[in-house]
Amino acid sequence: MNLVEQIYRLERIDRLIRRKGTGPPDAFSRKLGISPRQLFRLLDELKSYGLPIKYSRERQTYYYIREVDFNITFEIRYIIADTKRVEL
């Protein structure tokens, strides 16, 4: 899986959590096309970044315990080397 696909997956996780539409872990992992173990690893990673993710057994969904601003960006910059030659 390339970087862009990974970012899309994380954004999808965020959208489902925001909508409280994840379902239980097995259903959530199926929606993402990954194993439950991969889902738990991803959720643990997101939590390590400070995202306040919890699971409600009553509602059977993941949710944020407070409002968060989830935004992943990347930028590509080309650096042009100075082409001046210095002769000694």
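The exchange below concerns salt bridges, a pocket and a surface patch in a predicted model.

Biologist: How many salt bridges does the structure hold?

Modeller: One of them joins the side chains of D14 and R18, and another pairs R30 with D26, whose closest N and O atoms are 3.8 Å apart. A further pair is made by the side chains of R77 and E75. The number of salt bridges in the structure is therefore 3.

Biologist: Is D14, which meets R18 in a salt bridge, buried or exposed?

Modeller: D14 and R18 are 4 residues apart in helix α1, so about one helical turn separates them. R18 has 37% relative accessibility and counts as partly exposed. Buried residues are those under 20% relative accessible area, and because the value for D14 is 6%, D14 is buried.

Biologist: Which helix gives the largest share of the lining of the largest pocket?

Modeller: The largest pocket, with about 180 Å³ of space, has a lining that divides into 4 nonpolar, 2 polar and 3 charged residues. Both α1 (3–18) and α3 (36–48) supply at least two residues of this lining. The largest share, 4 residues, comes from α3.

Biologist: What is the accessible area of the nonpolar surface patch that includes F74?

Modeller: F74 lies in the segment after β2 (61–64), and with a relative accessible area of 48% this residue is partly exposed. Patch residues need over 30% relative accessible area, and F74 is joined in the patch by L3, V4, Y8, I76 and Y78. Together these residues and F74 have an accessible area of about 740 Å².

Note on methods. Residues are numbered from 1 along each chain as its sequence is written. This is a predicted model: local features need pLDDT of at least 70, side-chain atom pairs count only at pLDDT 80 or more; totals for chains, interfaces and linings use all residues. Side-chain values use heavy atoms; hydrogens and water are left out. Patches are made of residues with over 30% relative accessible area and no salt bridge: like charges are joined within 9 Å, nonpolar side chains (Val, Leu, Ile, Met, Phe, Trp, Tyr) within 5 Å. Accessible areas come from the Shrake-Rupley method with a 1.4 Å probe; for residues, only the protein chains shown count as cover. A salt bridge is a side-chain nitrogen of Lys or Arg within 4 Å of a carboxyl oxygen of Asp or Glu. Buried means under 20% relative accessible area, exposed over 50%, partly exposed in between (1.4 Å probe, protein chains only). On a 1 Å grid over the protein atoms alone, a cavity is a set of points where a 1.4 Å probe fits but cannot get out, and a pocket is an open set with protein on both sides within 12 Å along at least five of seven lines; lining residues have an atom within 4 Å of a point. Grid points are joined across faces, edges and corners, and a volume is the space filled by probe spheres set on the points. Ala, Val, Leu, Ile, Met, Phe, Trp, Tyr, Cys and Pro count as nonpolar, Asp, Glu, Lys and Arg as charged, and the others, Gly among them, as polar.
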